[in-house]
Amino acid sequence: MTEPRLIDCPPRRFVGLQTPFIHGRSPETNAPQLIGPLWSRFLQRCGEIAGRVDEGVLYGIIWGLPEDQRSHKHELWYMAGAEVPTEGDVVVPEGMAIREVAACTLAVVEHRGPIEEVRRTLDLVYADWLPASKYEHAEIVDLERYDDRFDGCSEDSVFDYGISVKPKA
């Protein structure tokens, strides 16, 4: 894995479909059963989102609730979404949600290969790079960025995976 690139991410807003899930590094994960079907539903409806920031880019937004609000210790939330402007009113289509993401620093790596192998990238980031780095997870967001390089099942597929970080105390 190459060293993640650090980028300053301004406040952002996303609209999409969301679901709670048990994260992919948990032995009890249900991510494969929930996230793929969520994307299928979202891709059928993403055209309903007016005023998207970039029509050619979609996002996976991942965040956690405080532990006392979780139904499982490894529960996170996932949104398949599109970015919308942070200013002004946004029309949220029926059944979709809006998610505000605070400004943060993202450590971004490229995931290369089929989407089913994303756990390999997550392990490299969370188990290898993060503990050895001078950063810790800021617990703001993980952000997947899908553009024209992404082709789900292909060995040539690429998407960006970013985690919010802050300097270790």
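Which residue of β4 is the bridge partner of F21? In this predicted model, that partner is L76. The pair belongs to an antiparallel match of β2 with β4, which extends over 10 bridges.

The two strands are part of an open sheet of eight strands. Its order is β1-β6-β8-β7-β3-β4-β2-β5, and the pairing is antiparallel. The edges are taken by β1 (5-9) and β5 (97-101). Each edge strand has a single partner, so one side of each is left without a neighbour in the sheet. On average, and with direction ignored, neighbouring strands are turned by 35° against each other.

Within this order, β3 stands between β7 and β4. Five bridges join β3 to β7, and the two run antiparallel. Five bridges also link β3 to β4, again in the antiparallel sense. I61 takes part on both sides. Opposite I61 in β7 stands L143, while its bridge partner in β4 is M79. Strand β3 is mostly covered, with six of its six residues buried. L58, G60 and I62 point one way from the strand. Y59, I61 and W63 point the other way. Both sets are buried.

Two helices lie across the strands. Helix α1 crosses β2, β3, β4 and β7, and runs at about 145° to β2. Helix α2 lies across β6, β7 and β8, at about 25° to β8.

The length of α1 was checked against expectation. At 1.5 Å a residue, its 15 residues should span 21 Å. The end C-alpha atoms are 21 Å apart, which agrees. The buried residues of α1 are A31, I35, L38, W39 and F42. Seen down the helix axis, these buried residues fall within an arc of 100°, so they line one face of the helix. Such a pattern can be read against helix geometry. An α-helix has 3.6 residues a turn, so residues three or four places apart point the same way. On the other side of α1, P32, Q33 and Q44 are exposed. The cover over the buried residues of α1 includes β2, β3, β4 and β7.

The largest nonpolar core has 32 residues. W39, F42, Y78 and I163 have the most contacts inside this core. Elements giving two or more residues to the core are β2 (12-22), α1 (31-45), β3 (58-63), β4 (75-84), β6 (104-112), α2 (118-132), β7 (135-146) and β8 (158-167). Helix α2 gives the most, with six residues. Another core, of 14 residues, lies apart from the largest one. Its members include W63, A97, V101 and V141.

F42 illustrates the contacts of α1. Neighbours within four places in sequence were left aside. F42 is then in contact with V15, G16, L17, I49, L58, A80, G81, A82 and M96.

At the sheet edge, I98 was examined in strand β5. I98 has 37% relative accessibility and so counts as partly exposed, a class that lies between the 20% limit for buried and the 50% limit for exposed. Residues up to four places away in sequence were not counted among its contacts. Beyond these, I98 touches R13, F14, V15, M79, V90 and V92. The C-alpha atoms of I98 and H23 are separated by 21 Å, and the two residues are 75 places apart along the chain.

How values were computed:
Residues are numbered from 1 along each chain as its sequence is written. This is a predicted model: local features need pLDDT of at least 70, side-chain atom pairs count only at pLDDT 80 or more; totals for chains, interfaces and linings use all residues. Side-chain values use heavy atoms; hydrogens and water are left out. A nonpolar core is a set of buried Ala, Val, Leu, Ile, Met, Phe, Trp, Tyr and Cys residues joined through side-chain atoms within 4.5 Å. Buried means under 20% relative accessible area, exposed over 50%, partly exposed in between (1.4 Å probe, protein chains only). Helices (H or I, at least four residues) and strands (E, at least two) are DSSP runs, numbered from the N terminus. Contact means heavy atoms within 4.5 Å. The expected span of a helix is 1.5 Å times one less than its number of residues. The arc is that of the directions from the helix axis to the C-beta atoms. Two strands pair if DSSP finds at least two bridges between them. Axes are lines fitted to C-alpha atoms, for helices over the stretch in contact, and angles run from 0 to 180 degrees between N-to-C directions.
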